[in-house]
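Trainee: Could you take me through one part of this model slowly? I would like a close look at the place where the two domains meet.

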Amino acid sequence: MAAANHSSPFYVALGRALEQRGTCIEDICPADDQVAGRVLHDYGAMFISADAVLPPPLCVFTNEDQVTRFQKAAGRAAATIGNAVIELQPAAMSALLRARATARAEGLEISPRDGAEAARRSYADTVRLWNSRFLPALDHWTRAQRLSAQQAERLRRLPIHQQVPEVLDLEQEGIFFSKDLSKSVLYSIAAPGTSQHIAMLAFDANEFLDQRVREILAHHGWFQTVLSDLPHFTFLGLEEKELPGRGLSSVAVAGQTFWIPDVN
Ligand SMILES: [Zn+2]
C-alpha cells in the first residue's frame, strides 16, 4: 500500500475530528501498522461520523476485552426485526428504526441480512469469519503446492492479529485468501478486530438493491461506505451534503453511490 497522504481530504478531516476527541491519527492507527492503514482506507468513514456516536478508539482491536469495554462505553440498543435481535449504538438504532418506519409506510422493508450478524459483532465473531476464509485458503494453497505444510502450520499457529499482515504479504504474490481465492481476503471479510460491525455502526440490509430503500437510509444518516460490500451500510449520522467536507468522496458502482475516504 502507498504511504498515507496526510494532506488528502480524508486525513485532514480525520485529524480535525480526532483532535476534537483529544486523540490523533498516530494514536488510533500507527503509521507502521500495515493492517491499520488498510482499515483506515477501507472502513475509515466511521471515524468521521457525527458527535452522536462513539467511533472506535483504535483501528484494530486485538482482543475481546478491548471490544467489550468499547461496546459498553458506546452503549448498546437492541431491537427485534423479523426474528433477529440486532444491536447497534443508540443513535444508529433510532435512525435505523425511523428509516424502517418510513420504508414500511411506503410498502417497502428494511431487514437484517443473516440475522443478528447483520449488526453488532463481537471480537470472536470477526475471528470466526476470518477463519472461515483463512483456514480453507491455507488448505487450498497447500494442496496447490504454493505453500509448504510447514508454512501453513506456522501461519495457523500465529496469534490471529499476526496472521493478517502475513496474509497480506502472501497476497502480494497472488496467494489470495478471499472465498473464491481470486482477490484479497479484505474484499471478502474484515480483518479480525476491525469491522464497522464491532463499532456497532454497521447494518447489512437485504434490500440494498432497492434504490428507494438506499435513499431512505441515506436520509437517516446511513450510507454505503465500503466499496466492495454492497449490502453493508454505515451509520454516519450526517446529511449527504456534509460528507465531502468530512473527506469522503462519492464513487458510483453498479448504479449505487458509495462514500469512501478520499485519501488521494
Ligand atoms: Zn457488513
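Mentor: Happy to! Let's start with one pair of side chains: Glu117 forms a salt bridge with Arg128, and their closest N and O atoms are 2.7 Å apart. Keep in mind that this is a predicted model. To place that pair, look at how the chain is divided: domain 1 covers 9–121 + 195–261, and domain 2 covers 123–187. Across the interface of these two domains, the rule finds one salt bridge.

Now widen the view. The C-alpha centres of domain 1 and domain 2 lie 26 Å apart, and 15 residues of domain 1 are in contact with 14 residues of domain 2. Between them, about 1300 Å² of area is buried, with carbon and sulfur atoms giving 57% of it. On the domain 1 side, Gln34, Arg38 and Arg121 lose the most area to domain 2, together accounting for 35% of what that side buries.

The nonpolar interior is worth a look here too. The largest nonpolar core has 87 residues, and those touching the most other members are Leu40, Cys59, Ile86, Leu96, Phe177, Phe203 and Trp222. Helix H6 (residues 123–143) supplies the largest share of this core, eight residues. Both domains take part, as the core draws at least three residues from each of domain 1 and domain 2.

To finish, zoom in on Cys59 from that core. Leaving aside residues up to four places away in sequence, Cys59 touches Ile28, Cys29, Ala36, Val39, Leu40, Phe47, Gly193 and Thr194.

Definitions and conventions
Residues numbered from 1 in each chain as written. Predicted model: local features only at pLDDT ≥ 70, side-chain atom pairs only at ≥ 80, totals over all residues. Heavy atoms only, no water. Core = buried A, V, L, I, M, F, W, Y, C linked by side-chain atoms within 4.5 Å. Buried < 20%, exposed > 50% of the residue type's maximum accessible area, 1.4 Å probe, protein only. Helix = DSSP H or I, 4+ residues; strand = E, 2+ residues; numbered from the N terminus. Domains from an automatic or database assignment. Contact = heavy atoms within 4.5 Å. Buried area = accessible area lost by both parts, 1.4 Å probe. Salt bridge = Lys/Arg side-chain N within 4 Å of Asp/Glu carboxyl O.
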